[in-house]
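User: Could you take a close look at one part of this model for me? I'd like a single connected walk-through rather than a list.

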Amino acid sequence: MSAPLLQLQQVSKRFNDGDERGNVVALRDISLTVHEGEFVSVLGPSGCGKSTLLRIIAGLTAPTTGQCLYKGQPVNKPSLERGYVFQDPRLFPWLTVLENINLAGAGANGEELLNKMDLAEFGQALPHELSGGMARRVALARALAPQPHLLLLDEPLANLDVPLRQNLQVELQRIWEQQGVTCILVTHDIDEALALGTRLILLSKRPAIIRYDLALDMSFPRKIHQAQVAALKTQILEWMEVH
């Protein structure tokens, strides 16, 4: 097997919440290895530390103890090799769609990404002229513009209606397959985790530890009513009730 793309070695994160309760431990002794080409779904209850874990991988937050290695080197700052997609698209309102994408250094690639995201006719539109789903696609295109090796997805499809969410899940899967980018998605939606992942990491309640690390050896596309997928969903729900 090739050398790991990413390694978390006994990573813990403690926050000082600024009141008499003292410190809050978000993550405890997280060890995880990710290889190139994986699509890792990180599943856990709301508030368990999933986003904190992703921010450590991105270099936006430093671990309190342990270390995060990307291509064997310690992560201590953000890098365009690790694209980040927030839950909120966070587009610059005074820039056009194409300018928002090119801001990440796409250059000539910006027009190509617009076509891939089915946004070719909206290149000169401003963010306020876009629907919520379109803005999410622009945010994805911006993260993909520098051609990252690792795409970090922080619940980018949360709070969307079901049809749009399912359409964008298909888009994410297509990006993963066609671009060859390694993906880590954090979500509290079991259906989404099972629909997209080649691997599932189940975190406990805070302070989060890894409860289960499962290979999702099922062909795509996946439907939640399929027997294998439905059985796994039931099993995960039982695990989450226990932990």
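Which residues does N100 touch, not counting residues up to four places away in sequence?

Analyst: Sure. One caveat up front: this is a predicted model, and everything below is computed from it.

Leaving out residues up to four places away in sequence, N100 touches L91, F92, L95, P127, V138 and R142. N100 itself sits in helix α2, and with a relative accessible area of 0% it is buried. Buried here means under 20%, so N100 at 0% falls inside that class.

Now for the surroundings. Helix α2 covers residues 97-102 and is among the elements that give two or more residues to the largest nonpolar core. That core has 34 residues, and I101, L151 and L153 are the ones with the most contacts inside it. The other elements giving two or more residues are α3 (109-116), α4, β7 (150-154), α5 and β8 (182-187). Of these, α4 gives the most, with eight residues. There is also another core lying apart from this one; it holds 29 residues, including L27, L54, A58 and L150.

Since α4 gives the most to the big core, its packing deserves a look. Helix α4 spans residues 132-144 and helix α5 spans residues 162-179; their axes come within 11 Å and cross at roughly 15°. That angle makes α4 roughly parallel to α5, because anything under 35 degrees counts that way. The crossing of α4 past α5 is right-handed. On the α4 side, the contact is made by G133, R136, R137, L140 and L144, and they meet L164, L168, L172 and I175 of α5. Sorted by type, the residues of this contact are six nonpolar, one polar and two charged. The spacing fits a general rule: an α-helix has 3.6 residues a turn, so residues three or four places apart point the same way.

Back along the chain from N100, there is a backbone oddity at R90. R90 lies in the loop between β6 (82-85) and α2, and its phi is near 55°, a positive value in a residue other than glycine. R90 counts as partly exposed, at 49% relative accessibility, whereas N100 is buried at 0%. As background, most residues other than glycine have a negative phi, and most peptide bonds are trans. Q10 also has a positive phi without being a glycine, at about 50°. Q10 is in strand β1 (residues 6-16) and, at 54% relative accessibility, counts as exposed.

Two prolines are worth checking if you care about omega. R206 and P207 are joined by a cis peptide bond with omega about -5°, and P207 lies in the loop between β9 (199-203) and β10 (210-215). The bond from F220 to P221 is cis as well, with omega near -5°; P221 is in the loop between β10 and α7.

Following the chain into α7, which covers residues 227-242, you find Q228. Q228 is exposed, with a relative accessible area of 51%. Not counting residues up to four places away in sequence, Q228 touches D217 and M218. The C-alpha atoms of Q228 and M218 are separated by 8.2 Å, with their positions ten residues apart along the chain.

For another exposed spot, try D118, in the loop between α3 and α4. D118 has 61% relative accessibility and so counts as exposed. The C-alpha atoms of D118 and V162 are 19 Å apart, and the two are 44 residues apart along the chain.

Helix α1 gives a contrasting picture. Seven of the nine residues of α1 (residues 50-58) are buried, so this helix is largely enclosed by the rest of the structure. The buried ones are K50, T52, L53, L54, I56, I57 and A58, and L54 and A58 turn up in the 29-residue core too. G59 follows α1 and has a positive phi, near 85°.

To come back to your question: N100 is a buried residue in α2, and its contacts include V138 and R142.

Notes
Residues numbered from 1 in each chain as written. Predicted model: local features only at pLDDT ≥ 70, side-chain atom pairs only at ≥ 80, totals over all residues. Heavy atoms only, no water. Axes fitted to C-alpha atoms, helices over the stretch in contact; angles between N-to-C directions. Helix = DSSP H or I, 4+ residues; strand = E, 2+ residues; numbered from the N terminus. Parallel < 35°, antiparallel > 145°, perpendicular 65-115°, else oblique. Left-handed = near helix turned anticlockwise from the far one by under 90°. Contact = heavy atoms within 4.5 Å. Nonpolar A, V, L, I, M, F, W, Y, C, P; charged D, E, K, R; others polar. Core = buried A, V, L, I, M, F, W, Y, C linked by side-chain atoms within 4.5 Å. Buried < 20%, exposed > 50% of the residue type's maximum accessible area, 1.4 Å probe, protein only.
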